[in-house]
Amino acid sequence: MTPERTDLLAALAQARFFLRYTARDLTTEQAAQRTTVSALSVGGLIKHVALTEQAWANFIVDGPIALGDKDYSELTDEDFAERDREFMLLPGETLDSVLSMYDEIAARTDELVRIVDSLDATHPLPDAPWFTDSTWSVRRVLGHIISETSQHAGH
């Protein structure tokens, strides 16, 4: 494995550690609590980061279809409500189940970093107002996963 891939895996591991560290010693009830006026909770943030990492890992393998083929200019209230549910622990979800899901997703992403043919491989991004570039490389996707994880660990 190249030094760059080793560095990417180390950065991912560190960001994941700090995100998981925020949940240390919490019960599911505590992890689901909103502790500020924000709708965010520790458990919801971990769930969101896990699902976001999964989507981007799928993008590495499958290209833009992995991010959905919605017309982003016509998002509905239900689309936004569905997105909001990604940020909360729903009935039947526990902190342990979300952390377990995250572990599985992280292991898959780590394996992709090890086996992907080239970090320079690119896919076109879906047409959406928040994407200012037309394509992202595997390297750029991994940088995004690292920054997303780090950002939410800081919440």
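Me: What is the phi of Gly63, just after H3?

Reply: In this predicted model, Gly63 takes a positive phi of about 80°, and its place is just after H3.

Me: How do you know that the length of helix H3, residues 42-62, agrees with its number of residues?

Reply: The 21 residues of helix H3 should span 30 Å at 1.5 Å a residue, and because the end C-alpha atoms are 30 Å apart, the two values agree.

Me: What makes the phi of Asp25 worth a remark?

Reply: Asp25 has a positive phi of about 65° although it is not a glycine. Most residues other than glycine have a negative phi. Asp25 lies in the loop between H1 and helix H2, which covers 28-32.

Me: Why is Asp25 called exposed?

Reply: Its relative accessible area is 77%, and exposed means over 50%, so the word applies to Asp25.

Me: Why is Thr109 called buried?

Reply: Thr109, which lies in helix H5 (residues 95-115), has a relative accessible area of 1%. Buried means under 20%, therefore Thr109 is counted as buried.

Me: Which residues does Thr109 touch, leaving aside those up to four places away in sequence?

Reply: Thr109 touches Leu12, Arg16, Glu53, Ala57, Leu142 and Ile145, when residues up to four places away in sequence are not counted.

Me: Why is the pair of Thr109 and Glu53 called a polar contact?

Reply: The side chains of Thr109 and Glu53 are paired at 2.8 Å, and because a polar contact needs N or O atoms within 3.5 Å, with one able to donate a hydrogen and the other to accept it, this pair is counted as one.

Me: Why is Glu4 called partly exposed?

Reply: Glu4, whose place is in helix H1, has a relative accessible area of 34%. This value lies between the limits of 20% for buried and 50% for exposed, so Glu4 is called partly exposed.

Me: What does Glu4 touch, not counting residues up to four places away in sequence?

Reply: Glu4 touches Leu119 and Arg139 on that count, and its side chain makes a polar contact with the side chain of Arg139 at 2.5 Å. By contrast, the C-alpha atoms of Glu4 and Val37, 33 residues apart along the chain, are separated by 40 Å.

Me: What makes Phe17 eligible, by its accessible area, for a patch on the surface?

Reply: Phe17 is found in helix H1 (residues 3-21) and is partly exposed, with a relative accessible area of 46%. Patch residues need over 30%, so Phe17 passes that cut-off. Together with Phe18 and Tyr21, Phe17 forms a nonpolar patch with about 320 Å² of accessible area.

Notes
Residues numbered from 1 in each chain as written. Predicted model: local features only at pLDDT ≥ 70, side-chain atom pairs only at ≥ 80, totals over all residues. Heavy atoms only, no water. Patch = residues over 30% accessible without salt bridge, like charges linked within 9 Å, V, L, I, M, F, W, Y side chains within 5 Å. Areas by Shrake-Rupley, 256 points an atom, 1.4 Å probe, with all protein chains shown as cover. Salt bridge = Lys/Arg side-chain N within 4 Å of Asp/Glu carboxyl O. Helix = DSSP H or I, 4+ residues; strand = E, 2+ residues; numbered from the N terminus. Buried < 20%, exposed > 50% of the residue type's maximum accessible area, 1.4 Å probe, protein only. Expected span 1.5 Å × (residues − 1). Contact = heavy atoms within 4.5 Å.
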